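Student: I am new to this structure and would like a close look at one part of it. Could you walk me through the aromatic pairing between the chains, and then a few residues around the rest of the model?

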Protein chains: 2
Amino acid sequence: MKALGEHMLLEYYGCDALKLAHSDEVKEIVVNAVRQANGTVVTNIFHNFSPHGVSGVVVIAESHVTIHTWPEHACAAVDIFSCSARLDKILLRDTLKEQLGASEVTTRNFQRGLVRAAALVDAK
Amino acid sequence: MKALGEHMLLEYYGCDALKLAHSDEVKEIVVNAVRQANGTVVTNIFHNFSPHGVSGVVVIAESHVTIHTWPEHACAAVDIFSCSARLDKILLRDTLKEQLGASEVTTRNFQRGLVRAAALVDAK
């Protein structure tokens, strides 16, 4: 079996709450980090929630990156879903840790879309 | 510890490949399914890839739903990330299974953003 995508689930704790509070700032941090990690940005949406928190999505040619922030908990949850080895997920994770001022990041990795290897060859 | 969000990772197999091929059709299926499941749609992006496949994101007040399709494998990977019990994730999962004509769906559930329960009380 082969996976069609790799998915990294990240939780950032102990962040700088001010960096999680406004969609414009979160957008700048995430989009820049994606580009540094060789991601090709197709489009993005960042949205402020009331009373606080940001949801953001970056659609990339390699799949997507999402973020949800809880400034009141100094916490952010990030997903990196990629169908290409071109995207440097580790660099992206670590850049975000630095940029969000996080004291801790937890990482869970999953394979997505398991198909028979033969089917992949047939589709080429 | 309390979770700030619940995340369901879904893989749909044996789908109707024609339903996975065009962003307009995938968008209609996903957005309608989100609404049926009590999701409040904030905005959405659906994107066709070359030579085939669709990536789509629905930002909802409850967090997000994403889809990536591989028509050549009759496969779709869906994420339902929710911070509210209002969104009926099971109904959403099952509606998509029917609408995509999938023969099988696999489900993995994860908690996101684990914080101390006391911190949640403080933030109210």
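Tutor: Here is a walk that starts with the aromatic pair and then visits some single residues and a charged patch.

A word on the ground rules: this is a predicted model, in which local features need pLDDT of at least 70 and side-chain atom pairs count only at pLDDT 80 or more, while totals for chains, interfaces and linings use all residues. Residues are numbered from 1 along each chain as its sequence is written, chains are lettered from A and ligands numbered from 1 in the order in which they are written, and side-chain values use heavy atoms, with hydrogens and water left out.

Over all chains, the count comes to one aromatic pair (rings of Phe, Tyr and Trp, the last by its six-membered ring, pair if their centres lie within 6.5 Å; planes under 30 degrees apart are stacked, over 60 edge-to-face, and the rest tilted). The partners are A:Phe110 and B:Phe110, a tilted pair with 4.5 Å centre to centre and 45° between the planes. This pair crosses between chains, joining strand β6 (residues 104-115) of chain A to strand β6 (residues 104-115) of chain B; helices (H or I, at least four residues) and strands (E, at least two) are DSSP runs numbered from the N terminus. Both A:Phe110 and B:Phe110 are buried (under 20% relative accessible area; exposed is over 50%, partly exposed in between, with a 1.4 Å probe and protein chains only).

Staying in chain B, B:Leu96 lies in helix α2 (residues 89-99) and is buried, at 0% relative accessible area. Its C-alpha atom is 6.5 Å from that of B:Ala33, although the two residues are 63 apart along the chain.

Back in chain A, two residues that are not glycine have a positive phi: A:Ser63, at about 140°, and A:Ala74, near 50°. A:Ser63 belongs to strand β4 (residues 63-70), and its 2% relative accessibility makes it buried. A:Ala74 sits in the loop between β4 and β5 (75-82) and is buried too, with 18%.

Finally, A:Asp16, A:Asp24, A:Glu25 and A:Glu28 form a negative surface patch (residues with over 30% relative accessible area and no salt bridge, like charges being joined within 9 Å; a salt bridge is a side-chain nitrogen of Lys or Arg within 4 Å of a carboxyl oxygen of Asp or Glu). Of these, A:Asp16 is in the loop between β1 (2-13) and α1 (23-36) and is partly exposed, at 31%.

Note on methods. Patch = residues over 30% accessible without salt bridge, like charges linked within 9 Å, V, L, I, M, F, W, Y side chains within 5 Å. Areas by Shrake-Rupley, 256 points an atom, 1.4 Å probe, with all protein chains shown as cover. Lys, Arg positive; Asp, Glu negative; His and termini not counted. Charge placed at Lys NZ, Arg CZ, Asp CG, Glu CD.
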